[in-house]
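This report concerns the strands of one protein chain and how they are paired. Please view the structure below before reading on.

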Amino acid sequence: MAKKTYSSDEMDRYFNDPSYRRSFLGRGKGFLKRNRKFILGLFILVIALLSWYGYYIARGLPSLQELENPRPALASKVYAEDGAVLDQFAEQNRTRIELTKLPQGLIDALIATEDKDFYTHWGVNLSRFFRQMVINLMTFRQAGASTITQQLARRLYNLQGREETMFDKITRKIREFFTSVQIERNFTKNEILELYLNVAFFGGKAYGIESAAQEYFNKTASDLTAPEYTLLVGMLQGPNYYNPFRNFDRVLRRRSIVLNQMLRDGKLDQKQVDIIKADSLSFRNFEADYRIGIASHFVEWVRQQLELKAETYGFNLYRDGLRIYTSLDSRMQRYANRAVDEHLTGFQEKFDKYWDWKKYPEILVSNVDKMIRDLDVFKKAKTTEIRDSIVAALRTNTMFVDSVRKAARNIEVGMVVIDPHTGHIKAMVGGRSFRVFKYGLNHVTQIKRQPGSAFKPFVYTVALDNGTPVT
């Protein structure tokens, strides 16, 4: 590159004019001075972005009231008169239990596995936190190793979304940082442990250690044994991945890690570890009928009544952990269920032999048309021509017509047992199957029927009161 030459006039002016000399020396230098507007604009932009990001982070933090009075969703339970649990209403299947009622070994297993420095940090382990952030940025994946308090903040205040970008993950970690510090300021370590164990997710429908104990072992959390609670603690890292019903060997390997951590911290010795590993686990038997409940028609009717009262009395049936006591007698309900099962089968067989669709073709056509009109594909059809084509096609579809025949000739039942002195309902069967009932009517409370023999008790009572002899 050729050198630039200067004229004699420029050289004379350089040596004789100080202002020219200063401007000449400034050429190629004074970058900040020459670009001060651009730099100032860039600085203002950075400050604006940081301010916006700070506001965005703060907007997603729990309020002071939420921090001081956390309210995890609790299941509302429905009880029979004799104390049996009939069912529950819940967004999340969670039942609160106090920390003092839990085995100490459960607490030791949790701390040894999830956060060995729990009693010494103030919500966040700084070295682990910054390591997480670096791993997130360098590998574009989420790093683990959050403290118990950070995990509590994430679950208690729903800080984590279902699908997160890298920006979302970093933002969530910062929110967890501030929320964890505030949690530590507002609660003792034992209160944090109690909150954590009551909100933790254990897979399936189990939220909280009490629900997990019921879900997997059909017992209260206070009665969990070492083989059981170490397995549940191991599941916390990935509740669905370590589900014992899907991959038992996998969750046992995870439990071995929990036991080794407890061995390392001196909470167990090798002999105890070997005994726990050798113990066979007895899981709860998931019976279909039990999962539905013994009085589902009655419970659904109760739910409908409570929904009508919820706004008036200011409660949330699915979050407030209500205890709902009813007049139902669980023993009578079981007898009622058994009576329906035993008699309905025989009646159905007799009816099937008696009934002949050839004698009542108009009833079949009526039922087929009604079933077609109830189909989503018919309801969503945009034109009359499309609806007519659907009707024509299904009327001649043998499989569809046969399914209508079977459904239409099913005998239904409605049974209710009432204490005549109080009017209390002691048992209720609203139909032959609750699975079917969910999409139909309760044959006790919702069906319309002719009075029939319902008149007989009143007529006979009047007759007896007037001295008519019983024949």
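In this predicted model, strand β1, covering residues 76–79, pairs with β3 in the parallel sense over 3 bridges. Within that pairing, Tyr79 has Tyr325 in β3 as its bridge partner. The two strands belong to an open sheet of 3 strands, arranged in the order β2-β1-β3 with mixed pairing. Its edges are formed by β2 (85–89) and β3 (323–325), each of which pairs on one side only. With direction ignored, neighbouring strands of this sheet are turned by 20° against each other on average.

A helix also meets this sheet: α16, which spans residues 296–313, lies across β1, β2 and β3, and runs at about 45° to β2.

A further pairing joins β4 (residues 415–418) and β5, which run in the antiparallel sense over 4 bridges. Here Met415 stands opposite Val429 in β5. The hairpin that these two strands make has 6 residues between the strands, and Gly423 takes a positive phi near 80° in this hairpin. As for its surroundings, β5 (residues 425–429) is mostly covered, with 5 of its 5 residues buried. In general, the side chains of a regular strand alternate between the two faces of the sheet.

The two strand pairings described with their bridge counts are set out below.

| Strand pair | Sense | Bridges | Opposed residues |
|---|---|---|---|
| β1 and β3 | parallel | 3 bridges | Tyr79 and Tyr325 |
| β4 and β5 | antiparallel | 4 bridges | Met415 and Val429 |

Note on methods
Residues numbered from 1 in each chain as written. Predicted model: local features only at pLDDT ≥ 70, side-chain atom pairs only at ≥ 80, totals over all residues. Heavy atoms only, no water. Buried < 20%, exposed > 50% of the residue type's maximum accessible area, 1.4 Å probe, protein only. Pairing = 2+ DSSP bridges. Axes fitted to C-alpha atoms, helices over the stretch in contact; angles between N-to-C directions. Contact = heavy atoms within 4.5 Å.
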